[in-house]
Amino acid sequence: MIRLLLADDHQLVREGLKQLLGAAADVQVAGEAASGDEALALVKANDYDLALLDMSMPGLAGIDLIKRLKLEKPALRLLVLSMHGEQQYAARALKAGASGYLTKDSAAELLLHAIRKVAAGGVHISEAAAASLVEGGGAHAALSNREFEVLRMLAGGHGPTEIADLLNISVKTVSTHKARVLEKLGLGSTAELVRYAIENGLLEG
């Protein structure tokens with residue numbers, strides 16, 4: 001029996017997934033969380049075989065959540081279920097410690113297959129994502145996780161002060177990250193950065 005933690009901030013999504021997974025004889029939804037902080041607290045207090053995670057949740061989320069969960073329980077298997085395109089995010093999720101990445105528009109059968117595969121010690125990503133990992137996934141593949149976050153926030157219309165508050169870093173550090181992002185991507189301005197993010201599907205969904 002696969003003991004699963006379900007972490008998604010949308011109750012309707014959780015209910016739908018519980019209904020879907022309830023039909024599988026070998027999967028048990030043993031806990032559910034509506035935020036990253038809740039997921040971390042549950043992982044600290046309980047033993048799960050696998051955590052099914054949304055990438056975008058309030059508080060602790062995304063790459064940071066994956067890293068914290070792996071730090072807390074190194075043996076815990078992590079499968080990301082996200083609305084963000086695989087080509088942009090699968091590499092980062094796997095690098096941070098996840099063992100699989102699936103988009104929310106995937107078929108139910110594929111989700112169950114991925115859960116079983118990851119719980120058994122395997123890795124699940126789509127062929128398209130695997131191909132983009134091999135190719136390097138564009139110039140933004142060279143960015144650090146924090147630089148990538150700053151890129152997405154700037155492109156999403158957040159100012160440096162707002163980004164500093166959200167990421168708990170100084171405005172000076174945000175400016176440094178921004179300068180490195182522009183340099184690594186060969187861009188000359190925030191406007192060009194926004195255009196790059198749109199063309200590569202990197203804006204937050």
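**Basis of the description**

Contact means heavy atoms within 4.5 Å. The model is predicted: local features need pLDDT of at least 70, side-chain atom pairs count only at pLDDT 80 or more, and totals for chains, interfaces and linings use all residues. Residues are numbered from 1 along each chain as its sequence is written, and side-chain values use heavy atoms, with hydrogens and water left out.

**Nonpolar cores**

Ile66 touches Leu53, Met55, Leu78, Val80, Ala93, Ala96, Gly97 and Ala98, residues up to four places away in sequence not being counted. The largest nonpolar core (buried Ala, Val, Leu, Ile, Met, Phe, Trp, Tyr and Cys residues joined through side-chain atoms within 4.5 Å) has 46 residues. Those touching the most other members are Leu53, Ile66, Leu78, Leu151 and Leu193. With 6 residues, helix H7 (residues 145-155) gives the most to this core. Another core lies apart from it and holds 17 residues, including Leu17, Leu21, Leu50 and Leu52.

Here, buried means under 20% relative accessible area, exposed over 50%, and partly exposed in between (1.4 Å probe, protein chains only). Buried residues make up 44% of the 205 residues in the chain.

**Helix H2**

In helix H2 (residues 36-45), the buried residues are Gly36, Ala39, Leu40 and Val43. They lie on the same side of H2, because they cover an arc of only 100 degrees around the axis, taken from the directions from the helix axis to the C-beta atoms. Their cover includes strand E1 (2-7), strand E2 (27-33) and helix H3 (62-72).

**Overall dimensions**

The C-alpha trace of the chain spans about 55 × 35 × 30 Å along its principal axes. The secondary structure comprises 10 helices and 5 strands, which are DSSP runs (helices H or I, at least four residues; strands E, at least two) numbered from the N terminus.
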